[in-house]
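Here are some exercises to work through with the model open in your viewer. Try each task before you read its solution.

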Amino acid sequence: MINRKQILVENTLWVYLAKIVMQLISLIASVLVLRQLDVDVYGTYVFLFGLFTAYQLLITSPLKHVLTRFVPELRNKVAPSSLLKLVMMYVVIALVMVIVLTGLGVAFKDSLSQLFNIDTLDAHFKAFLFFVFSYSIKILLEVLLSALLLHRRIAILNMVLALCRALAYIILLERLNVNLLLLIEGCVSLIYSLPALFVFLNGVKKEDNGKELVTSRDKHRMQRFWLYSLFTELGAGLIGRTSDYYIVAAFSSPYFIGLYGFAVKIYELFYKVLPLKEFESVLKPLVFDRFNSTTDHHQLNSFYNFSIKVLLPVFILPFAYFLCFGEEVILLLFGAKYLDAYWPTVIILGGFITNGLFYPLSIFIHLKEKMHILLFSRLVVVFSLFAGIYMMKSYGISGVAIATIFGELIKNILMFFLFRSYVKIHYDRRVFISNLFLILTLIVFIYPLHLILSRWSLLVTGSILFSIIYLLFIINCHALRAKELAYLESIIQSNPKMAILYDKFWRLLNKLAIRKVHE
């Protein structure tokens, strides 16, 4: 019998270990690269890298949703050879779409260059094509390994990839340009892909043992799910930061793309340090396995609120920290040339809070296979595009960031109310009270320090005070009820290594705790 708690903890530990190693390396490399490149050169690279998001939206993201939804369900009841054939069919479709989309890009590259004010697009196109094919293969293999719950292997491969990328940046630092950055990313993707392919083939190499084939009903479910995911992801890209790059590029220059790209880079650094995406990749298959046949709305609602109570303070952390210390971080690490990106970065990091409030919603929608809800919610794309264009003309890149945050919030609210017609989800009010109190407390205690301390003193002293306040809040003012806290402890203690660490720090937590749970 599968120990879901232990799998959740072990996989999350591995992906987070990879995060710590990767982001320490990535942070150093990012600081060096951003300080080395001019803002407009970085803007051109960011735009070209952002073009690949179109490939992800149309190709790899729908495939990811299909595999993470159905592979955990089918792998234990159908013949591995039958499941492998079906999976490979979707992979082939994805690769064909990569070729078709690339062909369209080649045919209209001059028009793209003129539309988005990138005069040197033709000079970068060969490097871009190499990057596209290499990176597509890497992402497809990562999706396959994730669907098989091989997160430990993914973590090791990602650590190797981060190390190779950082070494290439350091060795070639003085010669870095747009083409070289694209070629480096393509090469490290190939380095990742070769062992990843071997791991995948080894992971599905099992005897059929008389298991049944994938039924036509399951195939129909997967096809329907894939089509909904395809159109859903297209709408998601138009609502989110993907379209922001295109709007900024169409109405400004590579310099402003560079500033906006810097803001998104800071968002991504926080997002990658915090194991949110990887935790979701671990959580999704386990939720699908556990709740696949559950009709108990109370049980689903309890898990929904439990997830938010645990993770929302983590989502708040980047926004609150950068609001307090963002200017000092930019000046001391990246240079004054990126200082104009401070407020766009703060606004974009505010999107973490929106995502945290609705974090489990898309997982539950996938669980119930109500993909039409995701599709309907993408109607917000109309608002997002027009609002983004208007705000860009009126308020610059900060306006684009505001339009995106509001678009995401409206989309999530619409999804929430549509899903409530199937499952009666409601929020525990403690979620809002405790986390609003956290944000206000941090701002009230930290912001006055700007008036009395120098930049380095503020960053060091303020960060220590920030950490102490945040830790005390998490221990004493969390929104968890007694039963939820006991469940969280059981998850932690399901893993022997985590249980040892938990026991060692238990006395310290007791000393810091004024109260442990809400009565």
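**Exercise 1: a pair of helices**

H10 and H16 are oblique to each other, because their angle of about 45° lies outside the ranges for roughly parallel, antiparallel and perpendicular. Keep in mind that this is a predicted model.

Task: describe how H10 and H16 pack, and say which residues make the contact.

Solution.
- Step 1: locate the helices, H10 at residues 254–273 and H16 at residues 381–419.
- Step 2: the axes of H10 and H16 are 10 Å apart, and their crossing is right-handed.
- Step 3: H10 contributes Phe256, Leu259 and Tyr260, while H16 contributes Ile397, Val400, Ala401 and Thr404.
- Step 4: sort these contact residues by type, which gives six nonpolar, one polar and no charged.

**Exercise 2: the core**

Task: which residues touch the most other members of the largest nonpolar core, and what does Tyr338 contact?

Solution.
- Step 1: the core holds 140 residues, and Leu145, Leu176, Tyr260, Tyr304 and Tyr338 touch the most other members.
- Step 2: helix H12 (residues 297–334) supplies the largest share of this core, with 17 residues.
- Step 3: set aside the neighbours of Tyr338 within four places in sequence; its contacts are then Leu34, Leu37, Val39, Tyr42, Gly258, Leu259, Phe262 and Ile330.

**Exercise 3: one valine**

Task: is Val460 buried, partly exposed or exposed?

Solution.
- Step 1: find Val460 in helix H18, residues 455–476.
- Step 2: its relative accessibility is 46%, so Val460 counts as partly exposed.
- Step 3: look across to Phe325, 135 residues away in sequence but 10.0 Å from Val460 in space, C-alpha to C-alpha.

Technical notes: Residues numbered from 1 in each chain as written. Predicted model: local features only at pLDDT ≥ 70, side-chain atom pairs only at ≥ 80, totals over all residues. Heavy atoms only, no water. Axes fitted to C-alpha atoms, helices over the stretch in contact; angles between N-to-C directions. Helix = DSSP H or I, 4+ residues; strand = E, 2+ residues; numbered from the N terminus. Parallel < 35°, antiparallel > 145°, perpendicular 65-115°, else oblique. Left-handed = near helix turned anticlockwise from the far one by under 90°. Contact = heavy atoms within 4.5 Å. Nonpolar A, V, L, I, M, F, W, Y, C, P; charged D, E, K, R; others polar. Core = buried A, V, L, I, M, F, W, Y, C linked by side-chain atoms within 4.5 Å. Buried < 20%, exposed > 50% of the residue type's maximum accessible area, 1.4 Å probe, protein only.
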